[in-house]
Protein chains: 2
Amino acid sequence: MDLDERKRKILQAIIRNYLETGEPVGSRTISKYTDLNLSSATIRNEMSDLEELGYILQPHTSAGRIPSDKGYRLYVDQMMLEKEEQLNQATQEVREMQKMLLDREDKMEAVLKQMAKMLAANTNYATMISAPQVRGNKLKFIQLSRVDARQLLTTIVVEGNVIKNNMISVDQMLDDETLLKLNILLNTNLNGLPIEEINLAMIANLKQQAGIHAGIIAEVMDAVAAVIKDGENVEIYTSGANNIFKYPELSDNQRASELITTFEEKQLLNELVQDTLTDESGTGIQVYIGNETPVKTMKDCSVVTATYELEEGMKGTIGIIGPRRMDYDKVISTLKTLKSQLDTIYKKDDRDSG
Amino acid sequence: MDLDERKRKILQAIIRNYLETGEPVGSRTISKYTDLNLSSATIRNEMSDLEELGYILQPHTSAGRIPSDKGYRLYVDQMMLEKEEQLNQATQEVREMQKMLLDREDKMEAVLKQMAKMLAANTNYATMISAPQVRGNKLKFIQLSRVDARQLLTTIVVEGNVIKNNMISVDQMLDDETLLKLNILLNTNLNGLPIEEINLAMIANLKQQAGIHAGIIAEVMDAVAAVIKDGENVEIYTSGANNIFKYPELSDNQRASELITTFEEKQLLNELVQDTLTDESGTGIQVYIGNETPVKTMKDCSVVTATYELEEGMKGTIGIIGPRRMDYDKVISTLKTLKSQLDTIYKKDDRDSG
DNA sequence: TATTAGCACTCATCGCGAAGGAGTGCTAAT
DNA sequence: ATTAGCACTCCTTCGCGATGAGTGCTAATA
C-alpha cells in the first residue's frame, strides 16, 4: 500500500503541476520537468499504478491525470511533516500582520475584519475569522444605573471583559438607596460566579430578597442569560468571497451561488468553526480536502483552518477556503505563522475590548 | 418629444414583456398580446420611432427590442404616478413583515438582519438595510464604575439609547468617594449636551476640576468621541447576494465578482445610503436605473431604495438591487408598504435597544 | 393618410462533421 | 526494467449550412 520513492515523487510532481495550471497533467510533462530521467512511457506505467491505488484520476480517457482527494491528502500530510521547522519564514505578509497586531488600539472587531481582508488579499482565496468564543466565563461585575425617571440600565461584565448592556423600563422612579441595595444584592451574590452555575434556586432567592423589586431582578437575569446566548453564536468575519471567481472550477453559477450564500449567511461557517475547535490535532492546523469538509457546500473546495487562543482559554478560528488545487504550502505556512503571532502577542499584552 | 397614447402603450407592453422573459421583444409579440389590434407592421413602424426617440434599443440588427434606461425611467415614473393610492395592497409578504415588527423583542440588529433576509427571499433580488443613523444626539448619561482594582468601566448613553462601553486601566485603586465625585463632575457638566457641542475649553475645564484624575477624564472623552465616530460608519446588513445568479445578465464572472465584492465590503453600499438620505424626493422612494446609480459596480443593475424614519430623526435606508428588468411594480409597492410600517409602528412603540 | 400584406434581407444560434491534437495503453525491442 | 513506436480515444475547435426570428421597405388597401 505504501508508495515507493519514485511513485511519491511522480505524484508530487503531478500535484505541483496541477496546482499551478489547473489542467490535467500528462506523462510527457512529468518526464520533462522532473529530475527522474524517465521516459514518458515509464511515467505512464507509474501513473497507471497511481491511478489504480486511487491517488490520481482521469477526467476522461485521453486526458492527463489530476490528483484525487486521497492524493492531495498524502501530499499535505507529507508536507506538514517536512516543513515542521521552517516556520520563521517571516514573509512579507506576516510582517504586515504583525505590525497590524502591534498597532491595534481599537476594537478586536476591527482588527479581525482587517485581518480577514489582508489574508484574502495575500492568498487570493476566501477567508473567515471567528471571534474568540466566550465560554465558561465568570461574572465580574453587575450594575444597575438610573438613566432617567423611567429607565434603568443594566451593565454586565464577564471575565475577558465582554460587556453587555440592557435597558429596563420601570413603572416608578427608584430612589438612590433602593438602587444601591439592589446593586449590592446582585454583586455579593453573583460576582465571581460562572454564568452557567446560576440556577433557579439562586434566582428565586434573589427575587425574594429584592421584595417588591423582584421584577427588576428577573429582567437582570434575562440580560445575564442573553450573555450566554450571545456567546453561543460567535461573530464570524469573512473576506474575499469574490476570489472564488478566480478559479473556473468554482465559478459556475451553481457552485458560486452556493458558496456565496455560505459566506453571506455565515450560519454554515459556524459548523466549520465548531468542527475545528473540537477536533484538535497537535499543530492546531487542519486541512479539509474536498468532501472532508463539514460544510457540504464546500465539497469542491479545500479548507485550511487554524485555531488561535487568547488568554483565558478564548479560542477562535481562522479559515482559508479555496479550490482543491490550493497552494497548500503557502497557505499552511502563512496560517502557522499568523497563529503563533496571535497566540503569543495577544497573551503578552493584556488590555481588551468590548 | 412627448409620446402619444399609442406609443406609450406599446412601450409599456415591450417593457412588461421584457421584464417577464428577459428576451428581446418582437413586433409580432406586441401585436398579438395587446388590445391595440394593430398588425406587426404597424408596431414595427412605431417601434422604429421609439428607438429613434431613445426609449428602446436593438441588441443586434435582426433582434427584437429591449428597453433603454430612458425607457425604464419613463415606465417607472409613470407607474409611480398611477399607483400613488393603491398602497393598502397588504400582500402576503407585508403581512409577514408586520408580524415580525410587532413580535420584536430582541435587538434592532436581529430585526434588520431578518428583514433583509425576508425581503430577499420574497423578491428574489439582493437587499440591504442600513441601521438608522445616529446624528446630532445628546448625551443622556455617563458613568464610571470600578470593575476591579485596576479597571474602570465607562458607560455612555446617548439619546435614542445608544450605549457604549469602554474599559480604562488605572494605576492605583480609586476609592468610592473619588469615583462619586468624578461621576457627578461628568454628569453635571455633560448631561443633555449634544455631543458635537463638546469643545476643547469644556474638556480643559473638566480636567482642571478633576485634578490628578485628569487622565481619566481624557480617556472618558475619548470614549465619547468614539460614539460620534461609531455613528458615522453605519452598520449595513445585506442578504440575498446569491440572487444575482438568477439573472444571466448579471452572472458572468466579471459582473458577479464585482457585485459580490460590493456586497461583502459594504463600503460602497454606504455611498448608496448617503445618496438616498440626502436626495429626498417626496415619496421617500427612489429608483436608480442602470447608470443612474451612485455605485458604479451596479451600472448593470437597477436599485430601488426607501428611507425610513424612526423617532428622533433617526433615518435608515432599505435597498433592493436587481437586474434592470426588475419587477419595479412589486418592488416599489413592497418597499412603500414596508416603509410606512416602519415609519408608523416604530414611532408608536418607544422601547429601544443598544 | 394610416394601415397592412408581402418580401427580401440580416444575423444570432444550432447541429454536424472534419481536422487537430493531447494523451493513453499496449506491444515489441533494447 | 525501460523505452520507442503506434494505434486508438476523445475532447476541442472550426467552418459551414440550415433555421428561424425579426427587421425595414415597398406597394397595395381601406
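Which residue of strand 10 of chain A does Ile129(A) stand opposite? The partner is Ile318(A). Keep in mind as you look that this is a predicted model. With that said, this pair is a handy way into the fold.

Ile129(A) and Ile318(A) face each other where strand 3 (residues 126-130) of chain A meets strand 10 (residues 315-323) of chain A. The two strands run antiparallel, and 4 bridges hold the pairing together. Now step back and you'll find that they belong to an open sheet of 5 strands in chain A, in the order 7-3-10-9-8, with antiparallel pairing. At the edges sit strand 7 (236-239) and strand 8 (285-289) of chain A, each of which pairs on one side only. Going from one strand to the next, the twist averages 15 degrees.

Let's stay with strand 8 of chain A for a moment. Its partner is strand 9 (residues 301-309) of chain A, which runs antiparallel to it and is joined to it by 5 bridges. If you'd like one contact to find by eye, take Val287(A), whose bridge partner in strand 9 of chain A is Val304(A). Is strand 8 of chain A buried or exposed? Although strand 8 is an edge strand, 5 of its 5 residues are buried, so it is largely enclosed by the rest of the structure. A residue counts as buried here if 20 or more other C-beta atoms lie within 10 Å of its own.

There's also a neat pattern in where those side chains go. In a regular strand, side chains alternate between the two faces of the sheet. In strand 8 of chain A, Ile285(A), Val287(A) and Ile289(A) point one way, while Gln286(A) and Tyr288(A) point the other way. Both sets are buried.

Chain A has a helix pair to look at too. Two packed helices are described by the angle between their axes and the distance between the axes. Helix 7 (residues 176-190) and helix 8 (residues 200-210) of chain A pack at about 160 degrees, with their axes 11 Å apart. Because of that angle, helix 7 of chain A is roughly antiparallel to helix 8 of chain A. The crossing of helix 7 and helix 8 of chain A is right-handed.

Next, the DNA. Around DNA strand C there are 19 residues, and the closest come from both chains: Gly26(A), Ser27(A), His60(B), Thr61(B) and Ser62(B). Helix 2 (27-33) and helix 3 (40-52) of chain A, along with helix 3 (40-52) of chain B, each supply at least two residues of the surface near this strand. Helix 3 of chain A gives the largest share, 4 residues. By class, the surface near DNA strand C has 5 nonpolar, 11 polar and 3 charged residues.

Turn to DNA strand D, and you'll again count 19 residues around it, the closest being Thr42(A), Thr61(A), Ser62(A), Gly26(B) and Ser27(B). Here helix 3 of chain A and helices 2 and 3 of chain B each supply at least two residues of the nearby surface. Helix 3 of chain B provides the largest share, 4 residues. The surface near DNA strand D has 5 nonpolar, 11 polar and 3 charged residues.

Chain B has some details of its own. Strand 4 (residues 139-148) and strand 5 (residues 151-158) of chain B run antiparallel and are joined by 8 bridges. They form a hairpin with 2 residues between them. Within that hairpin, Leu144(B) stands opposite Thr154(B) in strand 5 of chain B.

A couple of loops in chain B are worth a look as well. Most residues other than glycine have a negative phi. Asn37(B), though, has a positive phi of about 55 degrees, and its place is in the loop between helix 2 and helix 3 of chain B. Asn37(B) is exposed, with 7 other C-beta atoms within 10 Å. Asn124(B) also has a positive phi, about 65 degrees, and lies in the loop between helix 6 (108-123) and strand 3 (126-130) of chain B. With 14 other C-beta atoms within 10 Å, Asn124(B) is partly exposed.

Finally, find Gly290(B) in the loop between strand 8 (285-289) and strand 9 (301-309) of chain B. Gly290(B) counts as partly exposed, with 18 C-beta neighbours inside 10 Å. The C-alpha atoms of Gly290(B) and Lys70(B) are separated by 9.8 Å, though these residues are 220 residues apart along the chain.

How values were computed. Residues numbered from 1 in each chain as written. Chains lettered and ligands numbered in written order. Predicted model: local features only at pLDDT ≥ 70, side-chain atom pairs only at ≥ 80, totals over all residues. Near = placed C-beta within 6 Å. Nonpolar A, V, L, I, M, F, W, Y, C, P; charged D, E, K, R; others polar. Pairing = 2+ DSSP bridges. Axes fitted to C-alpha atoms, helices over the stretch in contact; angles between N-to-C directions. Buried ≥ 20, exposed ≤ 12 C-beta atoms within 10 Å, placed from the backbone. Parallel < 35°, antiparallel > 145°, perpendicular 65-115°, else oblique. Left-handed = near helix turned anticlockwise from the far one by under 90°.
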